[in-house]
Each structure stands twice: as C-alpha cells, then as structure tokens.
Amino acid sequence: MDVSASYFVEAINIQSLLIGVVTLLLARWLITRSKYNYNLPPGPIAFPIIGNIPQMATTTDINLKMKELRKQFGGIFKLYFGSETMVIVCKTEWILEGLVKKGEEFKGRPYWMYVPRIITQKKGIFFNTGKEWKDLKKFTISTLRDLGMGKKKLEEQIYMETQTLGDAFQSHNGKPFSLKDPLAHFSLSIVYYITFGERIRFGKPEFQEIVDDLRFFFNNISAFMPENFFPFIRFFRWNSPINQIIKKNKKIRNYVKEKIREHKETFNVGDIRDFIDVYLLTLEKEPNSESLSEENIFQAIMDLFMAGTDTTSTIVNWAFVHMAKYPEIQDKCRAEIEKITDLNRPVTMEDKRHLTYVAATLLEVQRIAPVGKQAVT
C-alpha cells in the first residue's frame, strides 16, 4: 500500500472514530434527557451534550444573568450542564419551603461537581452530607464555643484586632483607600487566632500571600465553571483557572499541615490553646471515629480557615459600603452605640440585647448583600 492510500485509510479511521464518539454522546444525552425531563420548570434552550454551559461560561456577571433568566422564565427555572440538570430557585417562599420545610428532602451536596470534589475530597463540612456532616457540624460549633466564641476571651482578641484595623485606616490621613486588604487582614487575624492560637502582623509578606491566595481562590471558583461538568476542558481552555485553584489550595493545605506539625511538638492535654489542639486531642481520644477522622477534621479546619476568612471580610466590606451609602443609618447606629457605651469602652456581647437597631442593620446588610458569588445552597 502506498503512502497516500495509507494516509487515506488512517483519515477514514479517525473520522469514523470521531463520528462514533459523537453518536454515542448524542445517544447518551437523549436517553438522559428523556429520563429526567418530566415535571421540570422551563428554562433556556440547551445545546446537545454540553447543555447551557456556553451561555453561563461566557457571561461576565452571573448574578445579572440569573436576574435575566428569572425575568424571562419566572422564580424557578432549569439549566442543563452536560448530563446534569440544575434547578434554580429565586423566590423567597419557595427557597424557605425547600431548605426549611422540606429540608430533609433537599439536604446534601452535589458530588458530581469536579472542582469541589477534588479540593475537599468529600470531607469536612461544606461538601459533606449525612451523619458525618451532622457530627462534624456539632463538633465544630462546640469547639468554637469552647475556644471563646461569644465569650470575653475572644472579645478581647477582636477588640485588639479592631484597634489595629483603626490604626491602618488612620495611616491614610483621610485620603481615599481600598478596604480590601485591611479588612482581609482583619478577618484573617481573627480566624488565624482561633485556628492556630497566634496573632498575625499586618503587612507581613507571609500573611499577605495567604490573603492573595484566598482572594484568587474565591474570585475564580464557581459552580458554573465548565470544568465542573467536563473536567478534561481544563487541558484545552487556555485561561482555565483550575490548575491555579488546585495549586493554591494545595499550598494552603501544606501551610496548615506545617502548623499541625508545630503544634504536635508543644501539645499539652492540660492546656488546649486553639482549634488545632482540639483536633489533636480528638484524634487521641477517638482514634477509630468515622465522622471525626483525621481527614474530616483536617478538612473542617481548612473550611474554617479559608471560607471563614473570605466570608467575614466580604460581609464587613458590605457593611462599610452601606454605612457610606446611607449616612443617616450610620448616624442612628452610632447614636445607639454611644448611648450604651458613652464611647469610652468597646462594645461587648453583653450589649447586644440593647443594640437592637445596630443588630437589625447588620441583619439587613447580610440579607441584601451577597457573601458569595452565587446563592448559598
């Protein structure tokens, strides 16, 4: 057989293979769609195999896109991502019904999403479910309370960090500046103290690096990333952030592991200092526990350290934005604080029951301001 004939046969074989693969994918898509398409709400037209990924992946503002879809299809609509179907609920009473009244039926996490699965490995709090999730949640809340959550010990630490934050603000001498880094450092310092029992120094390169890594992680991770549904895309999408997300997550994991190693050298059962010490104590007391395993508690620490820092920084940032936008509300909050403290002492948890207007304002900020890029699930 001459070279041209051989090339012709090879081309036919490759073409046949591609046609076969596409045919199988189409058949799978049709079977899956017909199987799960009953009683579903309306939604935008989806492409075969890839679904609505092109519409969602190319949008620059997911929240704006969701508002457009809500206006077009109503308070509940569907989106297809590969072979998976996602139902988006936007109406308050329906969200309440799904998450509260029928919480048992709708509890759990979507394990088919590639990025959360590879990062958390189905461990920890945020992407766990069932008995393990309940036990870990109970363990984490109990540990945080034991470490001073809502108590004087942690109040004093927060007050110290608040003073440092105030000094950072005053250093700009009344000139405009970004709140991003100061609030990120403030939030990190509180979570860092709870997790590792140490104070951090504002502006130290080590902690600025952590802030930058966390910011990149949460700015780029999304439920609508094409890689969540077709992981192989990360090899062909030139600007895919997946590899960087995985790399930065691994870097933070190694940082936490090093802190655990340091804690093991100074661990004392009679002197529990922080969350890491509770982790070591639990592994010592319950070495065979399935829920409170080394992997689960380690990921719970990662969840606390990463998400705790980002969400706290974001909500405080929104609070500043709304105080600036509504100075009359700011004045009322300040007047209530002044009435209780005379502005000669810090606010404490004991004052909370008297600061009803401040509490209502903060709750309203949390209601209207998004902590994450998409809604909480």
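# A tour around helix 9

Begin with the whole protein chain in view: the chain exposes about 23,400 Å², and carbon and sulfur atoms supply 59% of that area. The model is a predicted one. Colour the chain by secondary structure, and 15 helices and 2 strands appear. The protein chain has 377 residues, of which 35% count as buried. Now consider contacts between residues at least 6 apart in sequence: 61% of them join residues at least 24 apart.

**First stop: Ser189**

Select Ser189, which lies in helix 9. Is Ser189 buried or exposed? Its relative accessibility is 0%, and the cut-off for buried is under 20%, so Ser189 counts as buried.

Next, show the side chain of Ser189 together with that of Glu161. The two side chains make a polar contact, at 3.5 Å. Then add Phe186: its backbone oxygen lies 2.5 Å from a polar atom of the Ser189 side chain. Which residues does Ser189 touch, leaving out those up to four places away in sequence? They are Glu161 and Ile200.

**Second stop: Thr195**

Stay on helix 9 and move to Thr195, which is also placed in this helix. Thr195 counts as buried because its relative accessibility is 0%.

Select the residues that Thr195 touches, again without those up to four places away in sequence: Asp274, Phe275, Ile276, Ile301 and Leu304. Then pick Arg273 and draw a line between the C-alpha atoms of Thr195 and Arg273. The line spans 9.1 Å, while the two residues are 78 residues apart in sequence.

**Third stop: a cavity**

Rolling a probe the size of a water molecule over the atoms shows where empty space is left. How many cavities of 30 Å³ or more are there in this model? The count comes to 2. For this stop, take the second largest cavity, which holds about 60 Å³ of space.

To find the second largest cavity, select its lining: Leu147, Lys153, Leu154, Tyr193, Ile194, Arg273 and Asp274. Helix 8 (152-170) and helix 9 (180-196) are the elements that give two or more residues to this lining. Colour the lining residues by type, and they divide into 4 nonpolar and 3 charged, with no polar ones.

Two names in the lining, Arg273 and Asp274, come from the previous stop. Asp274 is among the residues that Thr195 touches, and Arg273 is the far end of the 9.1 Å line from Thr195.

Definitions and conventions: Residues numbered from 1 in each chain as written. Predicted model: local features only at pLDDT ≥ 70, side-chain atom pairs only at ≥ 80, totals over all residues. Heavy atoms only, no water. 1 Å grid on protein atoms, 1.4 Å probe; cavity = no way out; pocket = protein on both sides within 12 Å on 5 of 7 lines; lining within 4 Å. Points joined across faces, edges and corners; volume = space filled by probe spheres on them. Helix = DSSP H or I, 4+ residues; strand = E, 2+ residues; numbered from the N terminus. Nonpolar A, V, L, I, M, F, W, Y, C, P; charged D, E, K, R; others polar. Buried < 20%, exposed > 50% of the residue type's maximum accessible area, 1.4 Å probe, protein only. Polar contact = N/O pair within 3.5 Å; in protein donor to acceptor, adjacent residues only side chain to side chain. Contact = heavy atoms within 4.5 Å. Areas by Shrake-Rupley, 256 points an atom, 1.4 Å probe, with all protein chains shown as cover.
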